[in-house]
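Hi there,

Here is the structure I promised to pass on. My notes on the strands and the charged pairs follow below it.

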Amino acid sequence: MEPFKNIYHLRKVAQSNSKPCAFCYKITGSVLITSDGSSDFFYTCDSHLKDAAFATPIYDKEYNEAKAKKEALDKEIKELKLKWDEKNRYAGWDKLVSKFSSTKKDGKDDDKKDEKDSTSKSEETQIKELSKQVSNHESTLQKQPRTYQLNKDIFKIRLEKKYKSKQSVQSTQLNQKLKDPTFFPSVPQAPPNT
């Protein structure tokens with residue numbers, strides 16, 4: 001059984017407290033610490049945090065909701081743009097034809113043109129509004145994740161290192177006890193002759 005879970009929280013330290021990354025030795029202020037806050041911690045650079053072979057981010061509820069909303073908005077914007085492009089595909093030709101056509105039918109063409117322009121503008125306005133909403137969600141999506149799960153091999157390295165350090169501490173404690181003269185029982189002494 002593992003002594004601690006493979007869930008690490010990212011903490012930032014002051015630049016004066018920065019230390020080398022545990023793997024590539026670049027100076028960093030990013031520290032990964034176990035969820036219990038005491039079992040294990042190590043410094044790691046941002047390039048390792050972005051590497052999927054090193055650690056996988058665990059996203060929170062806010063991130064997942066923002067991602068889903070952004071995807072839905074992107075889909076809606078795409079559909080509106082397709083409709084808008086379809087309606088305006090021949091707009092240039094329509095203008096050219098209407099310019100050269102000599103007969104107008106009681107202003108009916110002008111009414112159709114005005115109606116087409118107003119729907120085109122409303123779609124354009126919708127696209128702009130939806131784009132603003134997308135940018136709001138993108139700011140949430142660009143935040144660095146705060147929780148990570150290490151790759152199984154990296155986690156195994158951390159466990160081995162923790163086990164070795166624990167053995168080292170136990171060995172040091174044993175050596176100190178062995179050096180203490182009161183650790184071993186004393187040899188019984190013969191009773192004095194009376």
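Asp-46 counts as partly exposed because its relative accessibility is 33%, a value that lies between the 20% and 50% cut-offs. Please keep in mind that the model is a predicted one. The side chain of Asp-46 forms a salt bridge with that of Lys-12, at 3.5 Å from N to O. This pair links distant parts of the chain, with Lys-12 in strand β1 and Asp-46 in helix α1 (residues 46-50), 34 residues apart. Lys-12 is partly exposed as well, at 44% relative accessibility.

How many salt bridges are there by the rule used here? The count comes to 3. As background, side chains of opposite charge can pair when their charged atoms come close.

Another of these pairs is Asp-40 with Arg-158, whose side chains meet at 2.7 Å, N to O. Asp-40 sits in the loop between β4 and β5, while Arg-158 belongs to helix α5 (residues 152-179), so this salt bridge ties together parts that are 118 residues apart in sequence. Are these two residues buried or exposed? Asp-40 is buried, with a relative accessible area of 4%, and Arg-158 is buried too, at 7%.

Then there is the salt bridge between the side chains of Asp-74 and Lys-70, at 2.8 Å from N to O. Both residues lie in helix α2 (residues 61-87), 4 residues apart, which is about one turn of the helix. Asp-74 is partly exposed at 32% relative accessibility, whereas Lys-70, at 18%, counts as buried. The two labels differ because buried means under 20% relative accessible area.

Now to the strands. Strand β4 (residues 30-34) is mostly covered, with 4 of its 5 residues buried. It pairs with strand β1 (residues 8-12) through 5 bridges, and the two run antiparallel. Within that pairing, His-9 stands opposite Ile-33 in β4. Recall that β1 is also the strand that holds Lys-12 of the salt bridge to Asp-46.

Strand β4 is joined to β5 (residues 41-43) as well, by 3 bridges, and this pair is again antiparallel. Here Val-31 has Tyr-43 in β5 as its bridge partner. The hairpin of β4 and β5 has 6 residues between the strands, and Gly-37 in this hairpin takes a positive phi near 85°. The loop between β4 and β5 is also where Asp-40 lies, the partner of Arg-158 in helix α5.

Happy to talk any of this through whenever it suits you.

Best wishes

Technical notes:
Residues are numbered from 1 along each chain as its sequence is written. This is a predicted model: local features need pLDDT of at least 70, side-chain atom pairs count only at pLDDT 80 or more; totals for chains, interfaces and linings use all residues. Side-chain values use heavy atoms; hydrogens and water are left out. Buried means under 20% relative accessible area, exposed over 50%, partly exposed in between (1.4 Å probe, protein chains only). Two strands pair if DSSP finds at least two bridges between them. A salt bridge is a side-chain nitrogen of Lys or Arg within 4 Å of a carboxyl oxygen of Asp or Glu.
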